[in-house]
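Grab your viewer and a pencil. Try each exercise before you read its solution.

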Amino acid sequence: MDIQAVTDISPWPWFHPDSYGYRPGRSALDAIAVCRERCWRTDWVIDMDIQGFFDNLDHDLVLKAVAHHTDQRWILLYVERWLKAPLQRQDGSLLARDRGSPQGSAISPLLSNLFMHYAFDRWMARENPGVQFERYCDDVVVHCRSEGQAHRVREAIAGRLAECGGLRLHPDKTRIVYCKDGNRRGSAEHTSFTFLGYGFRVRKVRTKRGSYFFGFNPAVSDEAAKQIRAQIRSWRLHLRSGATLERLAREINPVVRGWINYYGRFYSSALDFSLNRINDYLVRWLVQKYKRLRRKRAKARGALGSHARLYPGLFAHWKLVKP
């Protein structure tokens with residue numbers, strides 16, 4: 001199937017302005033930036049989670065959405081064949097599918113985004129025109145002025161999704177969140193949420209003048225930070241005593257720069273703890289490589305620090321955390 005041909009019929013210019021997923025010139029970081037500003041202006045958030053979204057997409061509704069943007073029968077035919085193609089199990093048997101779009105495939109992001117354009121975005125604009133949201137495919141945050149409004153909108157969204165092929169909000173993962181900060185009084189069951197790998201909650205923020213306040217802000221989420229540390233651990237840098245520091249830097253810097261470019265955009269200091277694990281492993285690498293540093297961990301860290309001062313750009317993470 002010619003994926004480019006199908007992509008060309010996608011209504012990029014007509015998507016809702018708060019749809020950010022898989023669109024040219026828009027990114028997850030754009031969605032996070034807008035979400036942050038709206039959390040400052042409105043007190044409540046609906047943190048949406050659609051249960052089994054990709055596995056439960058209604059094929060007929062997906063095809064209906066595609067048909068809004070093309071009269072080419074061959075495109076509709078290929079999309080239908082692709083959606084309904086059976087899945088092959090590990091034992092070689094085939095499993096027939098009457099709904100769903102496999103994750104990780106080339107065309108699933110486009111079809112799912114097109115589905116949500118009609119199932120959610122246009123419906124919200126029509127039925128709740130004063131309620132703002134950010135959507136990245138099926139990851140959605142909705143902003144409300146009050147807790148009561150949040151409950152009403154949540155129930156309305158649940159009803160709308162049920163109409164769209166029987167989709168359901170996850171009963172445990174969909175939460176109504178109070179964006180509590182230093183100025184907002186009262187309490188609520190939930191005062192934080194995660195969106196696109198960022199954890200939103202109250203944080204201590206320093207102003208340009210050096211004073212501090214408590215604001216509701218995003219930073220790398222606990223789960224994302226845990227995954228970063230797991231990948232750092234998997235590199236086993238301390239066991240690679242045959243390599244040079246320069247070689248280690250060349251190998252890991254592209255990944256580390258990616259982390260910094262994404263998770264370091266907002267509240268970058270939250271990355272420090274995870275990135276400093278790289279320094280810990282480099283200290284262990286020095287101890288393994290040089291006998292004179294055995295049982296002298298403090299001296300090894302000092303030697304790594306001296307190297308960082310001489311070559312501050314060697315490792316990408318040294319721009320944030322020096323050894």
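Two short exercises follow, on a nonpolar core and on an aromatic pair.

Residues are numbered from 1 along each chain as its sequence is written, and side-chain values use heavy atoms, with hydrogens and water left out. The model is predicted: local features need pLDDT of at least 70, side-chain atom pairs count only at pLDDT 80 or more, and totals for chains, interfaces and linings use all residues.

**Exercise 1.** Find the residues with the most contacts inside the largest nonpolar core, then look at what F200 is in contact with.

*Solution.*
- Step 1: a nonpolar core is a set of buried Ala, Val, Leu, Ile, Met, Phe, Trp, Tyr and Cys residues joined through side-chain atoms within 4.5 Å; buried means under 20% relative accessible area, exposed over 50%, partly exposed in between (1.4 Å probe, protein chains only).
- Step 2: the largest one has 52 residues, and F193, F195, F200, V256, I278, L282 and F315 have the most contacts inside it.
- Step 3: skip neighbours within four places in sequence, and F200 still has contacts (heavy atoms within 4.5 Å) that include I32, C35, F193 and F216.

**Exercise 2.** Classify the ring pair W74 and Y78.

*Solution.*
- Step 1: rings of Phe, Tyr and Trp (its six-membered ring) pair if their centres lie within 6.5 Å; planes under 30 degrees apart are stacked, over 60 edge-to-face, the rest tilted.
- Step 2: the centres of W74 and Y78 are 6.1 Å apart and the planes sit at 80°, so call this pair edge-to-face.
- Step 3: check exposure: W74 is partly exposed at 38% relative accessible area, and Y78 is partly exposed at 37%.
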